[in-house]
Amino acid sequence: MQNALNGRKVEQLQTALQSSRQIGTAVGILMARHLLTAEEALSRMSRVSQQLNRKLRDVAEWVQRTGTLPPVPEDGVVLEPSAEGV
């Protein structure tokens with residue numbers, strides 16, 4: 001039982017570390033492309049995350065694939081970027 005709990009905890013920590021790295025990379029991309037500070041880039045990502053009701057790591061993945069924040073349309077529907085745009 002303890003081994004199963006430890007295995008799950010390790011898995012969760014690995015996922016958290018991967019998400020953290022992904023978010024950090026996305027922050028760096030936004031900083032470079034838009035001449036932002038780390039705080040400004042993270043703030044913008046967080047705001048878009050809340051507006052779209054998406055996890056921050058999903059917004060970070062979008063930034064990594066496209067180099068920009070996902071659009072926030074008025075109707076709230078966000079389309080996935082095409083493979084051509086990456």
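1. Which helices do the buried residues of α2 pack against? They pack against α1 and α3. That is a handy place to start with this predicted model, and the points below work outwards from there.

2. First, the overall layout. The chain has three helices and zero strands, and reading from the N terminus the elements go α-α-α. There are 86 residues in the chain, and 23% of them count as buried. The accessible surface adds up to about 6,300 Å², with 51% of that belonging to carbon and sulfur atoms. If you look at contacts with a separation of 6 or more, 39% of them come from residues 24 or more positions apart.

3. Now back to α2, which covers residues 38-52. With 15 residues at 1.5 Å a residue, α2 should span 21 Å, and the C-alpha atoms at its ends are indeed 21 Å apart, so the two figures agree. Its buried residues are Ala41, Met45, Val48, Ser49 and Leu52. Because they cover an arc of only 105 degrees around the axis, they sit on the same side of α2. Turn to the other side of α2 and you find Glu39 and Gln50, which are exposed.

4. A bit of background helps with that pattern. An α-helix has 3.6 residues a turn, so residues three or four places apart point the same way. Keep this in mind when you trace the buried positions along each helix in the viewer.

5. Next, α3, which runs over residues 56-66 and has Val59, Ala60, Trp62, Val63 and Thr66 buried. These cover an arc of only 155 degrees around the axis, which means they lie on the same side of α3. Their packing partners are α1, residues 2-34, and α2. Just after α3 comes Gly67, with a positive phi of about 85 degrees.

6. What about the core? The largest nonpolar core has twelve residues. Among them are Ile23, Ala26, Val27 and Leu30, along with Leu36. Ala41, Met45, Val48 and Leu52 belong to this core too, as do Val59, Ala60 and Val63. The elements giving two or more residues to the core are α1, α2 and α3.

7. If you want one residue to click on, try Ala26. Which residues does Ala26 contact, leaving aside its neighbours within four places in sequence? The answer is Met45, Ala60 and Val63. Met45 is one of the buried residues of α2, while Ala60 and Val63 are among the buried residues of α3.

8. Two loop residues deserve a look for their backbone angles. Leu35 is in the loop between α1 and α2. Its phi is near 50 degrees, a positive value in a residue other than glycine. Is Leu35 buried or exposed? At 76% relative accessibility, Leu35 counts as exposed, whereas Leu36 is part of the largest nonpolar core.

9. The other one is Asn53, in the loop between α2 and α3. Asn53 comes just after α2 and has a positive phi of about 55 degrees, although it is not a glycine. With a relative accessible area of 73%, Asn53 is exposed. By contrast, Leu52 in α2 is buried.

10. To wrap up, here is what I would keep in mind on a second look. The buried residues of α2 pack against α1 and α3, and those of α3 pack against α1 and α2. The largest nonpolar core draws two or more residues from each of α1, α2 and α3.

Terms used: Residues numbered from 1 in each chain as written. Predicted model: local features only at pLDDT ≥ 70, side-chain atom pairs only at ≥ 80, totals over all residues. Heavy atoms only, no water. Buried < 20%, exposed > 50% of the residue type's maximum accessible area, 1.4 Å probe, protein only. Helix = DSSP H or I, 4+ residues; strand = E, 2+ residues; numbered from the N terminus. Arc of directions from axis to C-beta. Contact = heavy atoms within 4.5 Å. Core = buried A, V, L, I, M, F, W, Y, C linked by side-chain atoms within 4.5 Å. Areas by Shrake-Rupley, 256 points an atom, 1.4 Å probe, with all protein chains shown as cover. Expected span 1.5 Å × (residues − 1).
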